[in-house]
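Please read the following report alongside the sequence and the coordinates. It takes up a helix, the nonpolar cores, the surroundings of a ligand, a lysine and the cysteines.

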Amino acid sequence: MDKLIVHGGATLRGAINISGSKNASLPILAATLLTAEDCIIRRVPDVSDTNYMIQILSALGGDVERSSGTVRATCADIVDHAPYELVRRMRASICVMGPLLARKGRCVVSLPGGCVIGDRPVDLHLRGLEALGAKIEFEGGNITLTAKDGLRGAEIDLRGTHGPTVLGTDNVMMAATLAEGITIIESAAAEPEVLDLANFLNSMGAKITGAGTRRIVIEGVKELHGIEHTVIPDRIEAGTFMAAAALAGDGVILRRVCRDHLKAITAAIEQSGHRVDFNEAGDICTVHRSEITRGVNIVTAPYPGYPTDMQAQMTALLATTPGISVIKDTIFPQRFMHCAELKRMGADIRVDNGTAVVHGVAQLSAAPVMASDLRASAALVLAALTAKGSTEISRLYHIDRGYEHIDEKLLMLGADVERVKDH
Ligand code: EPU
């Protein structure tokens with residue numbers, strides 16, 4: 001198990017490239033199960049979550065290889081049973097359910113287990129697939145879905161108590177591409193990653209309109225074919241480095257970003273007093289750190305609102321921003337594990353009922369801290385950049401799930417970090 005040692009106090013300068021989106025790559029990789037033909041997907045980040053998905057596709061019978069950022073997947077002859085040993089490692093493996101069901105008329109996937117960021121049910125995924133005609137059975141920790149006579153289009157409302165579901169929308173949209181007739185998904189997730197998946201499916205021959213809005217219409221087709229696709233930039237990785245640049249940077253430049261996807265994050269960073277400038281094309285930004293900063297109020301919300309996946313990192317930035325900040329996570333109200341660790345570094349944060357109240361302090365101080373999930377670990381790295389002393393962040397495997405070579409990118413910007421083996 002690796003840990004990261006961050007020696008606080010270095011100034012970040014220079015430019016890095018932002019990787020392809022993890023959360024777009026995962027369902028797109030799963031969607032290759034919908035065709036027997038070759039698919040080539042570019043800019044798939046080399047992170048452990050995409051590696052798990054590649055292993056799942058291989059275990060299902062796919063012929064998959066990765067060379068640098070490009071994945072070639074051919075799922076000609078596949079089985080319908082996703083192995084528990086692989087599925088249990090990553091909650092997003094649930095998104096093989098829709099494509100397997102559509103292609104094979106049956107699929108067996110183990111129920112995802114608990115998750116440190118809160119209760120993460122799959123009831124909406126199942127409600128959607130059931131509406132398309134799947135029969136659902138639970139046994140031995142597995143969900144079996146069958147649709148012997150194929151799937152049929154239906155009108156489905158996917159709204160849950162915490163809003164729309166991203167992977168649930170993906171699952172139903174993928175299954176509906178091969179269903180007979182028209183499917184309408186109301187209260188669909190409108191995240192850019194859902195739109196990227198829809199663009200991928202449409203290039204394969206699917207007939208999807210409305211992706212990126214709350215209402216998606218899918219006209220089923222008989223079959224899909226192989227294609228090449230380039231994944232969108234990772235807006236959460238970009239946001240994380242924007243926060244790093246706001247904390248410790250001097251004109252840090254981020255390339256291969258998408259301005260339109262970063263509006264809510266840019267607004268929050270600018271409200272705290274820093275400035276973010278984009279080039280005309282909107283694919284490069286420069287973050288200008290300001291000395292005059294102030295607390296902000298943030299409420300996470302489905303896209304285009306402020307993303308829950310950037311909540312922990314913003315909390316880390318606000319921990320040393322003068323004034324009071326209030327951060328409410330409406331999507332995962334229990335996603336505040338990072339706050340206990342930030343408090344060990346001297347942050348003044350009170351968490352109550354899905355809301356963190358942060359009183360900015362002048363400086364944090366290094367402490368041994370433990371990463372609890374992907375974004376919480378990113379928050380600890382950010383906090384450590386300006387903390388006094390050397391912070392040791394253990395359980396680095398959490399950050400390796402979703403940030404491509406984060407230590408190398410930080411080193412390129414001039415941060416003083418070391419990845420070492422934790423014995
Ligand atoms: N929900 C239900 N029932 C369901 C599904 C979801 O009640 O059947 C609830 C969840 O408990 C949550 C809300 O709906 O309160 C939204 O969850 P959603 O289904 O949208 O989450 P997801 O699709 O499982 C994706 C991202 C997460 C991100 C969320 C929210 C991927 C692979 N994962 O998860 O990313 O936090 O959307 O935007 O796309 C991360 O990258 O760190 C991460 C956790």
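The sections below describe these topics in turn.

## Model and helix H11

The model is a predicted one. Helix H11 spans residues 337–344, and its buried residues are His338, Cys339, Glu341 and Leu342. These buried residues lie on the same side of H11, because the arc that they cover around the axis is only 165°. In an α-helix, residues three or four places apart point the same way, because there are 3.6 residues a turn. The cover over the buried residues of H11 includes two helices, H10 (311–318) and H12 (374–386), together with the strands E19 (348–352), E20 (355–359) and E21 (368–370).

Two residues of H11 illustrate the contrast between its buried and its partly exposed positions. Histidine 338, which is found in helix H11, counts as buried because its relative accessibility is 2%. Leaving aside neighbours within four places in sequence, histidine 338 is in contact with Gln311, Ala312 and Thr315, and also with Ala376, Ala379 and Leu380. The C-alpha atoms of histidine 338 and aspartate 309 are separated by 13 Å, with the two residues 29 places apart along the chain. Alanine 340, which also lies in helix H11, is partly exposed, with a relative accessible area of 45%. Between the C-alpha atoms of alanine 340 and methionine 370, which are 30 residues apart along the chain, the separation is 9.9 Å. Just after H11, glycine 346 adopts a positive phi of about 105°.

## Nonpolar cores

The largest nonpolar core has 77 residues, of which Leu145, Met173 and Leu201 touch the most other members. If neighbours within four places in sequence are left aside, the residues in contact with leucine 145 are Met97, Leu101, Gly105, Arg106, Cys107, Leu126, Leu129, Ala134, Lys135 and Ile136. Another core, of 68 residues, lies apart from the largest one, and its members include Leu12, Ala264, Ile269 and Leu342. Leu342 is also one of the buried residues of helix H11.

## Surroundings of the ligand

There are 25 residues around the ligand, and those that come nearest are Asp123, Leu124, Thr165, Asp309 and Ile331. Aspartate 123 has a side-chain N or O atom 2.7 Å from a nitrogen atom of the ligand. Oxygen atoms of the ligand are approached by two other side chains: an N or O atom in the side chain of asparagine 23 is 3.0 Å from a ligand oxygen, and a polar side-chain atom of arginine 91 lies 2.9 Å from a ligand oxygen.

## A buried lysine

Lysine 409 is found in helix H14, which covers residues 406–412, and this lysine counts as buried because its relative accessibility is 9%. A polar atom of the side chain of lysine 409 lies 2.9 Å from the backbone oxygen of asparagine 17. Not counting residues up to four places away in sequence, lysine 409 touches Ile16, Asn17, Ile18, Ser19, Glu237, Phe241 and Glu404.

## Cysteines

How many disulfides does a search of the whole structure find? The search finds zero. For cysteine 75, the closest cysteine sulfur is that of cysteine 39, and the distance of 7.4 Å between the two sulfurs is too far for a bond. Cysteine 258 is likewise in no disulfide, with the nearest cysteine sulfur, in cysteine 285, 11 Å away. Cysteine 75 counts as buried, because its relative accessibility is 0%.

Conventions:
Residues are numbered from 1 along each chain as its sequence is written. This is a predicted model: local features need pLDDT of at least 70, side-chain atom pairs count only at pLDDT 80 or more; totals for chains, interfaces and linings use all residues. Side-chain values use heavy atoms; hydrogens and water are left out. A disulfide is a pair of cysteine sulfur atoms within 2.5 Å. Buried means under 20% relative accessible area, exposed over 50%, partly exposed in between (1.4 Å probe, protein chains only). Helices (H or I, at least four residues) and strands (E, at least two) are DSSP runs, numbered from the N terminus. The arc is that of the directions from the helix axis to the C-beta atoms. Contact means heavy atoms within 4.5 Å. A nonpolar core is a set of buried Ala, Val, Leu, Ile, Met, Phe, Trp, Tyr and Cys residues joined through side-chain atoms within 4.5 Å. A residue is near a molecule or strand if one of its heavy atoms lies within 4 Å of it. A polar contact is a pair of N or O atoms within 3.5 Å; within protein, one must be able to donate a hydrogen and the other to accept it, and residues adjacent in sequence count only if both atoms are side-chain atoms.
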